[in-house]
Amino acid sequence: MVIAMFAGMAVFGLLRSAVGLSPSHDGAPEAAYLLMALDMSIGMAAWMRFRGHGWASTLEMCAAMFVPVVPLFPLLWAGVIDAGGLMIAAHVAMFPLMLLAMLRRREEYASC
C-alpha cells in the first residue's frame, strides 16, 4: 500500500506541478498537506479496490491520511509547530492509524 501511496503522490503531484497548481509547503502548508494526502489516498484506494477490498475498508484507510492533521492544524496556526513539523508529525501518525484500520478488519486484510 505504501508503494501505491507513493505512486499516487508522484503521479498526481507531477501533474499538478506541470499545470502550476502545486501550493508551497511553506506558503500554504494546509493545502499542500491536504493535496498530498488526497494524492496518496487516490493511489492507495485504486490499489485496494484492485486487490478486492470493500469500500468501507478503503475509505477507512484513506481517512488515516487526513485524520492526523485535525489536531495539528491548530498547532500550526498557533505557531507551536511549523510546516515541516506538520508534515513530519502527520506522516508519523499516519502509519499507526493505518495499522489500526487494518487490525479493525483483520479478516479482510488477511484474505485479500
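In the predicted model, the side chains of Glu60 and Arg105 meet in a salt bridge, with an N to O distance of 2.8 Å. Because Glu60 lies in helix H3 and Arg105 in the loop between H5 and H6, this pair ties together parts of the chain that are 45 residues apart in sequence. Glu60 also takes part in a salt bridge with Arg104, at 2.4 Å from N to O. Here the tie is between helix H5, which holds Arg104, and helix H3, which holds Glu60, so parts 44 residues apart in sequence are brought together. Glu60, Arg104 and Arg105 are thus linked in a network of salt bridges. The members of this network vary in their accessibility. Arg104 is exposed, its relative accessible area being 58%, which is over the 50% limit. Glu60 has a relative accessible area of 22% and is classed as partly exposed, and Arg105, at 23%, is likewise partly exposed; both values fall between the limits of 20% and 50% that bound this class.

Three salt bridges are found in a search of the whole structure. Apart from the two pairs described above, a salt bridge joins the side chains of Asp39 and Arg16, with 2.2 Å between N and O. Asp39 belongs to helix H2 and Arg16 to helix H1, and the pair links distant parts of the chain, 23 residues apart. Both Asp39 and Arg16 are buried.

Helix H2, which contributes Asp39 to this pair, has 22 residues. From its first C-alpha to its last, H2 reaches 31 Å, close to the 32 Å expected at 1.5 Å a residue. The buried residues of H2 include Pro29, Ala32, Tyr33, Met36, Ala37 and Met40, together with Ser41, Gly43, Met44, Ala45 and Met48. The partners against which the buried residues of H2 pack are H1, H3, H4, H5 and helix H6 (106–111). Just after H2, Gly52 adopts a positive phi of about 95 degrees.

Nonpolar side chains in soluble globular proteins tend to be buried together. In the present model, the largest nonpolar core comprises 24 residues, and those with the most contacts inside it are Tyr33, Met44, Met65 and Met98. Two or more residues are given to this core by each of helix H2 (29–50), helix H3 (55–66), helix H4 (69–77) and helix H5 (83–104). The greatest contribution is that of H2, with eight residues. For Met44, when residues up to four places away in sequence are not counted, the residues touched are Met1, Ala4, Met5, Met61, Cys62, Met65 and Met98.

Nonpolar residues also appear on the surface, where Val11, Phe12, Leu15, Leu38 and Ile42 form a patch with about 410 Å² of accessible area together. The elements that give two or more residues to this patch are helix H1 (2–18) and H2. H1 supplies the largest share, three residues. Val11, found in helix H1, is partly exposed, with a relative accessible area of 46%; this value lies between the 20% and 50% limits of the partly exposed class. H2 is therefore an element that both gives residues to the nonpolar patch and, under the definition of helices used here, gives the most to the largest nonpolar core, with eight residues.

Technical notes: Residues numbered from 1 in each chain as written. Predicted model: local features only at pLDDT ≥ 70, side-chain atom pairs only at ≥ 80, totals over all residues. Heavy atoms only, no water. Core = buried A, V, L, I, M, F, W, Y, C linked by side-chain atoms within 4.5 Å. Buried < 20%, exposed > 50% of the residue type's maximum accessible area, 1.4 Å probe, protein only. Helix = DSSP H or I, 4+ residues; strand = E, 2+ residues; numbered from the N terminus. Contact = heavy atoms within 4.5 Å. Patch = residues over 30% accessible without salt bridge, like charges linked within 9 Å, V, L, I, M, F, W, Y side chains within 5 Å. Areas by Shrake-Rupley, 256 points an atom, 1.4 Å probe, with all protein chains shown as cover. Salt bridge = Lys/Arg side-chain N within 4 Å of Asp/Glu carboxyl O. Expected span 1.5 Å × (residues − 1).
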